[in-house]
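Trainee: I would like to go through the terms used for this structure and ask what stands behind each one.

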Amino acid sequence: MARNTVAEQLVRTLVAAGVTRIYGVVGDSLNPVVDAVHGTDGIEWVHVRNEEAAAFAASAQAQIDGGLAVCAGSCGPGNTHLVQGLYDAQRSGAPVLALASHIPSRQIGTGYFQETHPERLFADVTEFRELVSHPDQMPRLARIAIQHALGTPGVAVLVLPGDVAARKAVGGPDTTPAVPVRATAWPAQDDVRELAKRINAAEKVALFCGAGARGAHDEVMTLAGRVNAPVGHTLRGKEWIQYDNPYDVGMVGLLGYGACYEALHGADLVLMVGCDFPYDDFLPKENVVQIDRDPRRLGRRVPLVLGVHGDAAATLRSVLPLIGDKSDTRFLHDMLRRHERALTRVVEAYTGDIADHTPIHPEYVARVLDEVAPDDAVFTVDTGMNNVWAARYLTPNGRRRVIGSFTHGTMANALPQAVGAAFAAPHGKVVSLSGDGGLSMLLGELITVHQHRLPVATVVFDNSSLGMVRLEMMVDGIPAHQTDHPPVDYAAIARAIGMRSLRVTRPDEVRDALHEAVTADEAVLVDVVTDPNALSIPSRITADQVAGFALSAGRTVLQGGVGSMIDLARSNLRNIPRP
């Protein structure tokens, strides 16, 4: 029976804002909120095993359905566990509200059991983090937090002591409709004219597109066709730009491939469209124009000749009538030829002649997964080498989604993100590309998947190694150390949980196993034993990187590890770009 507590008032306010679930781990200071969810129609509590996973799941849900998602953590450790996933949500621009419960209000400041200071703890994650210290503040603070999360979009934190949550509410819920960001940011006309002037004056134009180019695919292609511009993209921009793109030259950066680097540095003018690429070493330092709806991002990576505040699609739509056709196709065609050669040498390096190769090439697994997965699949991708395989082998088509910790770069994100994605897209297929390192870090979330009967396909790239760290050490001239661990049968662990699972050790088993996983109407884990020596070669290799790799190889040999270096050389022989 409803008691009209502050917690019930909060929950009904959330329901009015369109919230249908809260991800979290129950705990004493959260009990009033959990009880309110239990007694309120239209909302459910999604029990996870770690509050970090709750924040990841909420972030993924928000990225899929575009609405507000909510997670919760109990006082003290519950709050600190939230931080990792909330960092990722904030940096991904996902509208997430975190409910951080607190110790009894009269004990705040006394060094009480499990006391933290949430307003300080979450200071770097959000601009809005407020303590509800009296029932009169609810539901107004809840409404402000909801709108802040939607309006940034990003993270808002509402701190709620358990005793305050249990008190009698003053009034009813706030039923004001939540307002997400929908308005278009149109550029200033002076900026449009200046942008057109610079594009028309340049002989060689290149476009570099990020996640901010979402919704601007047609405008990007129209501009590229008019000025014969090669089009590159970031990893987050891949799903919005790469498909149906006859001007594609791939990605730049440590995960990159193709001719994107050459295109950006060979152009007279580079347009960064909705792009906040952080690795400025790969970017040109002159003749760059940046278009972004967030003016705070303009010029923070490289010096600009022009910064344009506006949505990508709106800005390009405004400038296109002022752009003349360019007839010279030499730059574009040269970049496309270079891109094709790079793909032939690098991207396809491991996907041929694999029938008898064990351990299995991870690239082959990624390519087959790309072929058998549905056209509307949602892929969640662990940080590390799985980012490389996703970047190079998952094919976007305008309907698929690819979500990862691409800006925060934390491990263990893929499986909990798959939980949120599965709730947000209940009729689609969610596929988690999990590294064994990431999976083992939040292994308990397999129980979450099984408990909630989520039809997630978890594909484990099981190389018994932290592959990206291994590569980073070698590039720095350091022999790989403490990156490897004994083999683990993750399929057996999944079976023990009650989940359907398969273990794959031979290449001829890969396709059938992956097809079974992505077509099942239940959770399936596929544990694929892959080659730990399959290392990614970046699209551009510096002399320092080559020297570091050679030094590491030499030191490994001197320290008695010659066998591993022979295996490494054999695994990567075809992966070295030829001059």
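The exchange below takes the terms one at a time.

Trainee: What kind of model is this, and what is its mean pLDDT?

Mentor: This is a predicted model. The chain has a mean pLDDT of 89, and 88% of its residues reach 70 or more. Over residues 545–579, however, the pLDDT is below 50, although this stretch has 60 contacts in the model beyond near neighbours in sequence. Where pLDDT is low, the predicted coordinates should not be read in detail.

Trainee: Why is Thr-234 called buried?

Mentor: Buried means under 20% relative accessible area. Thr-234 has 8% relative accessibility, so Thr-234 counts as buried. Its place is in the loop between strand 8 (231–233) and helix 10 (238–241). Leaving aside neighbours within four places in sequence, Thr-234 is in contact with Phe-208, Cys-209, Gly-210, Ala-211, Met-251, Cys-275 and Phe-277.

Trainee: Is Thr-458 buried or exposed, and what makes it so?

Mentor: Thr-458 has a relative accessible area of 1%. The cut-off for buried is under 20%, and Thr-458 is therefore buried. Thr-458 lies in strand 17. Residues up to four places away in sequence not counted, Thr-458 touches Leu-415, Ser-432, Ser-434, Leu-446, Val-524, Leu-525 and Val-526. Thr-458 and Ala-414 are 44 residues apart in sequence, and their C-alpha atoms are 9.0 Å apart in space.

Trainee: Why is Arg-453 counted as exposed?

Mentor: Exposed means over 50%. Arg-453 is at 73% relative accessibility, so Arg-453 counts as exposed. Arg-453 is in the loop between helix 18 (445–451) and strand 17 (456–462). Its phi is near 55°, a positive value in a residue other than glycine.

Trainee: What makes Gln-114 partly exposed?

Mentor: Partly exposed runs between the cut-offs of 20% and 50%. Gln-114 has a relative accessible area of 28%, so Gln-114 is partly exposed. Gln-114 is found in the loop between strand 4 (96–102) and helix 5 (118–121). Gln-114 also has a positive phi, near 65°. Most residues other than glycine have a negative phi, and most peptide bonds are trans.

Trainee: Which residues does a cis peptide bond join at Pro-139, and which at Pro-153?

Mentor: Met-138 and Pro-139 are joined by a cis peptide bond with omega about 15°. Thr-152 and Pro-153 are also joined by a cis peptide bond, with omega about -25°. Pro-139 lies in the loop between strand 5 (128–131) and helix 6 (140–151). Pro-153 is in the loop between helix 6 and strand 6 (155–161).

Trainee: Why is helix 14 called oblique to helix 21?

Mentor: Helix 14 (residues 362–372) and helix 21 (residues 510–519) pack at an angle of about 45°, with their axes 9 Å apart. Angles under 35 degrees count as roughly parallel, and 65 to 115 as roughly perpendicular. The angle falls in neither range, which makes helix 14 oblique to helix 21. Their crossing is right-handed. Among the residues making the contact are Tyr-364 and Val-368 of helix 14 and Leu-514 and Val-518 of helix 21.

Trainee: How many residues does the largest nonpolar core have?

Mentor: The largest nonpolar core has 49 residues. Those with the most contacts inside it include Val-96, Val-449 and Leu-525. Apart from it lies another core, of 40 residues, among them Met-251 and Val-372.

Notes. Residues numbered from 1 in each chain as written. Predicted model: local features only at pLDDT ≥ 70, side-chain atom pairs only at ≥ 80, totals over all residues. Heavy atoms only, no water. Helix = DSSP H or I, 4+ residues; strand = E, 2+ residues; numbered from the N terminus. Buried < 20%, exposed > 50% of the residue type's maximum accessible area, 1.4 Å probe, protein only. Contact = heavy atoms within 4.5 Å. Core = buried A, V, L, I, M, F, W, Y, C linked by side-chain atoms within 4.5 Å. pLDDT = per-residue confidence, 0-100. Axes fitted to C-alpha atoms, helices over the stretch in contact; angles between N-to-C directions. Parallel < 35°, antiparallel > 145°, perpendicular 65-115°, else oblique. Left-handed = near helix turned anticlockwise from the far one by under 90°.
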